[in-house]
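Student: Could you walk me through this one? I'd like to know what the labels rest on.

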Amino acid sequence: MQRDKGQMQSDKSQMQRDKCQMQRDIAIQRATLTIQATFRGMKVQREIRNKQKAATIIRIDPPYRAMRWAAVIVQAHYRAHLQRKTDRKTYVKVRSNVVLIQAAYRGMVVRKQLRCMHISAKVIQTYYQMHKQRQYIKELRWSTTAVQQ
């Protein structure tokens with residue numbers, strides 16, 4: 001029983017030590033976050049100051065402004081050139097696909113017309129052969145009746 005009490009007390013003291021350690025860790029973590037936030041804030045402020053200085057120099061210096069406008073114009077022309085190039089490639093690709101579809105459709109129409117013409121030719125040939133057979137039978141009847149009389 002005494003061992004249990006002693007062990008319980010040691011467990012209790014261990015838990016208190018763990019709790020103290022966790023509180024220290026949380027305090028260190030908060031301090032670290034505060035230091036990081038302060039440093040980042042200072043860094044951003046420094047960047048803003050540098051950008052403001054650069055902006056005032058740009059506003060004051062007319063040759064720089066002219067160079068900047070020239071660069072903007074060159075960039076705009078270059079981007080337009082790239083856009084025309086991609087548009088041309090797209091147009092060529094679409095056009096070749098359209099021509100391919102048109103050729104397939106026209107071929108289908110021609111095959112359909114050819115099929116219709118073959119059917120018409122067969123009908124005409126059938127009627128002609130029928131006419132020839134009737135004439136042959138008619139001659140045969142005539143010659144048979146002529147021979148019989």
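Student: Why is glutamine 148 called exposed?

Tutor: Glutamine 148 has a relative accessible area of 63%. Exposed means over 50%, buried means under 20%, and partly exposed is in between, with a 1.4 Å probe and protein chains only. So 63% puts glutamine 148 in the exposed class. Before we go on: this is a predicted model, where local features need pLDDT of at least 70, side-chain atom pairs count only at pLDDT 80 or more, and totals for chains, interfaces and linings use all residues. Residues are numbered from 1 along each chain as its sequence is written, and side-chain values use heavy atoms, leaving out hydrogens and water.

Student: Where is glutamine 148 placed, then?

Tutor: In helix 2, which covers residues 62-148. Helices here are DSSP runs of H or I with at least four residues, numbered from the N terminus. Glutamine 148 sits 138 Å from glutamine 23, C-alpha to C-alpha, and the two are 125 residues apart in sequence.

Student: What makes glutamine 135 partly exposed?

Tutor: Its relative accessible area is 41%, so glutamine 135 lands between the two cut-offs. Glutamine 135 is also in helix 2, and its C-alpha is 39 Å from that of valine 109, 26 residues away in sequence.

Student: And why is threonine 32 called partly exposed?

Tutor: Threonine 32 comes out at 36%, so the in-between label fits here too. Threonine 32 belongs to helix 1, which spans residues 2-60. From threonine 32 to threonine 145 the C-alpha distance is 130 Å, with their positions 113 residues apart in sequence.

Student: Which residues make the patch of positive charge?

Tutor: Arg40, Lys43, Arg46, Arg49 and Lys53 gather there on the surface. Patch residues need over 30% relative accessible area and no salt bridge, with like charges joined within 9 Å and nonpolar side chains (Val, Leu, Ile, Met, Phe, Trp, Tyr) within 5 Å. Arginine 49, in helix 1, has 47%, so arginine 49 clears the area cut-off.

Student: What makes the nonpolar surface patch?

Tutor: Ile119, Val123, Tyr127 and Met130 do, over about 400 Å². Valine 123 has 40% relative accessibility, so valine 123 passes the area cut-off as well.

Student: How many disulfides does a search of the whole structure find?

Tutor: It finds 0 disulfides. A pair of cysteine sulfur atoms has to be within 2.5 Å to count. Cysteine 20 is partly exposed at 39%, and cysteine 116 is partly exposed at 48%.

Terms used. Areas by Shrake-Rupley, 256 points an atom, 1.4 Å probe, with all protein chains shown as cover. Salt bridge = Lys/Arg side-chain N within 4 Å of Asp/Glu carboxyl O. Lys, Arg positive; Asp, Glu negative; His and termini not counted. Charge placed at Lys NZ, Arg CZ, Asp CG, Glu CD. Helix = DSSP H or I, 4+ residues; strand = E, 2+ residues; numbered from the N terminus.
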